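Could you walk me through a few short exercises on this protein? I would like each solution worked step by step.

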Amino acid sequence: GNPELPTAVNITWSSINFKTILQWQPKPSGYFYTVEIHGQTSDTKKKCILTTETDCDVTDALRNVKETYTAHILSVTSSGMDDFEEPPFAVSEKFTPYNQTILGKPEVQNYTQKGSNLNIVFQDPLTPYTFPNGSFQTIRDIFQRDLEYKLYYWKDQSSGKKDATTKSHTFEVSVESTKNYCFYIQGSIASRRENRNGQESAVLCTSIRRNILDEYGAEVFIIIAVIAIAVIILAIVLPVILCKRKRAKAAREKEPLNGV
């Protein structure tokens, strides 16, 4: 082999919704990398053969998502793959996609707030794996009843959160009919000890018609009251001032002119 060739370090698995990328260092100079995926029961699969990159998409080598894998990153010369002796290599940590892939963001399709009911419809994230007909599998197709979703919701402009859980694609929760609400959804795998909760969906807020007190709070009424009082005072004081000026002017006109 070529024991003088550097071997990979800082090997990491990065996986979201079962799309899995293997990454490592350093950038090769004068040699190449080849990735071998070793499963507990499956045959060894070679990926990214003679690459100068330091990442490799190994998704399709991990189709048995409940199997545990390790990656061997071989350091080879262009002709080294044909040598009888095994080239130097580094071994990754173990990786089990079913337990370790991160759940991606759910996508909210529709949400409505009618009266005291907040209704939300969402869909599962897709995976890179397909059915025989070519359609993509969702994370629900793989996790099935092990997958649940959590809804976190709160009154707009408030910090107090409530939550609800479902195994379906919908949420229906009771809310105050005069308040707007914000929310987000997050997938969860109950059987996991680690990486249990997935990525959070975008935060969305309802937009129902609210009265001015709900919209702006008590401050607006204080401002309106101050303005109203000022207008009333002005309406009372201004005629008095004008009347006094008018009387003063009339009195001056009745006075005889000086020197006449």
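Here are three exercises with their solutions.

This is a predicted model, in which local features need pLDDT of at least 70, side-chain atom pairs count only at pLDDT 80 or more, and totals for chains, interfaces and linings use all residues. Residues are numbered from 1 along each chain as its sequence is written, and side-chain values use heavy atoms, with hydrogens and water left out.

**Exercise 1.** Find out what the side chain of Gln113 reaches.

- Start with the location: Gln113 belongs to strand β8, residues 107–114 (strands are DSSP runs of E, at least two residues, and helices runs of H or I, at least four, numbered from the N terminus).
- Next, check burial: Gln113 has 12% relative accessibility and is buried (buried is under 20% relative accessible area, exposed over 50%, partly exposed in between, with a 1.4 Å probe and protein chains only).
- Finally, look for partners: its side chain reaches the backbone oxygen of Lys179 at 2.6 Å.

**Exercise 2.** Describe the salt bridge between Glu36 and Lys46.

- Take the distance: the closest N and O atoms are 3.0 Å apart (a salt bridge is a side-chain nitrogen of Lys or Arg within 4 Å of a carboxyl oxygen of Asp or Glu).
- Place the ends: Glu36 is in strand β3 and Lys46 in strand β4, so the bridge ties together parts 10 residues apart in sequence.
- Compare exposure: Glu36 is buried at 10%, while Lys46 is partly exposed at 42%.

**Exercise 3.** Are Arg140 and Asp124 buried or exposed?

- First, the link: their side chains meet in a salt bridge at 2.9 Å, N to O.
- Then the answer: both Arg140 and Asp124 are buried.

Note on methods: Polar contact = N/O pair within 3.5 Å; in protein donor to acceptor, adjacent residues only side chain to side chain.
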